[in-house]
Amino acid sequence: MALIYPNTYHVGMSNLGFQTVYRILNNLDGVVCERAFLPEPPPSDTKALSTLESGKAVAEFDIVAFSISFENDFPNLLAILDAATLPLSAADRDGRRPLVTAGGAACLLNPEPIAAFIDCFLIGEAETLLPQFMDRFDPHADRRTWLLEAALHINGLYVPCLYQDFYNEDHTFKALKAAQGLPDRITRAYVNDLSQFRTRSAITTPHTTFDKTFLVEVSRGCPHGCRFCAAGYVYRPPRFRSPEDIADCIYEEKSPEGTIGLVGAAVSDLPGLETLCSRISEDGTEISFSSLRADALSDDLLTQLKTSRVKTATIAPDAGSERMRACINKGLSEEDILAAAAKLVAAGIPNLKLYFMIGLPFETIQDVDAIADLCKKIKDAFLEASRQKGRIGHITVSVSPFVPKPHTPFQWAPMDTIPSLKKKIKHIRKTLSKVPNLTVQADAPRWAYIQALFSRGDRRVAEILVAGRDNAWNWARTFKSSPIDPDFYVLRQREELEVFPWDFIDHGIRKSFLLAEYKRAQKGKTTRECDPRSCSLCGVCPPQQTG
Ligand code: SF4
């Protein structure tokens, strides 16, 4: 099998999901999995894309599997199929070509914009899906017969050519209908008990984002229910590994060299995190954290950060005002955020990175002003604590345009327009321009617009992808000449009862719950955190037995 990350080697090898799939596949009997990435520079006309391990052409493998984490990599999928000399459309590939499959977070949210290019999707978590898929795979079987059989027997396997899409007269999506006895909805596959699987780096390598860092998963999903966060919904229920299990993951093969990177959407919620950190840092090993919540910085954890010589800590207030943080259900007060900034500096961590979003649903200009105001207050708390330490560090404010994602309460909301987002970025930059030791970084609204199109699209968006490829990825020219209006997907407020192209993926969450959450957001009402032992609020966890 050729396993492909649709971005560069540098990005792909930093992705724990990609590394996990590589490890699982090579541990299966009778499977050899080799890697390929987006070529840089683009390949010459004469040399087709080949794998890293053996240099064999990707087109010569039985299976070509894409691991797709981000919608902005959808264009790279087409570029890679071209580079591998494979026909783009699944309908144009017969059994003499490799079976092209795809999985990963972007497919879990909404695979429809790339459905035309893929023979089958693996919708769900790789640990449970891949062994069944490979066990059943038969390279000699008739391709269509095999796909139908596989779709009937593997929970989470989605074969787009066996489903037909329908639309209403106003161009909104109407339905996806299954053929030949298949269910209309695909139930995502997920792992009940994470301790059954090791999710950690397969290869630590230099020249990646996590240079010489051994990544290990500590949790999957997140209990906080932030309304903007797709991972917080599609990876429900939140699951945590035990500190013993994580230590086994790290040490059972050999002591990894370099830093240990703890990965998860809710690392600081891990019960026993401090004990785990003490165990890792016993021999001087440094630790890095993918995320820490501002309200979870215990003294022990701060000591661990200091021992690990962490130079920059990241806090994600996500919104500037208390009102907006209630809208997004962030569950962090201004007090929590300011206290966290002061504590981090006092613990000897000199630099801070702050994450904010602009263009959130129901945002007002006062909420945008509040981002700059909060940054100034954090700067004051930071300066005071820095003076006591005799060293002044740096604050980086990262501002990202918000993209409303499928399967979240904000899936009904329009994205903010590009001119409005640009204005807001300019306003924040200007307000903070005179603040010393602080820089503002902002993601380009144009890329957020493209991400929104690919994440909220239906099968008709494939035409835009092909046109983009034919226009050498010039999106301005592509959108101008496209018969399909991208604004229809990106900027339109959805009706409450509208059917979405991604509704056919069943994550176990009731749509009525998501809509209720959207309405609560509008009223600034928060919702309590997940507690899988006593909750059946969203529909994912089974109702609790009483008596
Ligand atoms: S049912 Fe409750 S605990 Fe389970 S995922 Fe939903 S909100 Fe979280």
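1. A cavity here is a set of points, on a 1 Å grid over the protein atoms alone, where a 1.4 Å probe fits but cannot get out, and its lining residues have an atom within 4 Å of a point. Grid points are joined across faces, edges and corners, and a volume is the space filled by probe spheres set on the points.

2. Bear in mind that this is a predicted model, where local features need pLDDT of at least 70 and side-chain atom pairs pLDDT 80 or more, while totals for chains, interfaces and linings use all residues. Numbering runs from 1 along each chain as its sequence is written, and side-chain values use heavy atoms, with hydrogens and water left out.

3. The count comes to four cavities of 30 Å³ or more. The largest has a volume of about 170 Å³, and the second largest about 70 Å³.

4. So who lives in the largest cavity? The ligand sits there (more than half of its atoms lie within 2 Å of the grid points). This cavity is lined by 22 residues, with Arg-236, Cys-530, Cys-535, Leu-537 and Cys-538 nearest its centre. The lining divides into 12 nonpolar, five polar and five charged residues (Ala, Val, Leu, Ile, Met, Phe, Trp, Tyr, Cys and Pro count as nonpolar, Asp, Glu, Lys and Arg as charged, the others as polar).

5. Around the ligand (a heavy atom within 4 Å) you'll find, among others, Pro-237, Asp-531, Ser-536 and Cys-541. That shell has eight nonpolar, one polar and two charged residues.

6. Turning to the second largest cavity, Phe-173, Arg-492, Arg-494, Glu-498 and Pro-501 lie nearest its centre, out of 15 lining residues. Its lining has seven nonpolar, two polar and six charged residues.

How values were computed. 1 Å grid on protein atoms, 1.4 Å probe; cavity = no way out; pocket = protein on both sides within 12 Å on 5 of 7 lines; lining within 4 Å.
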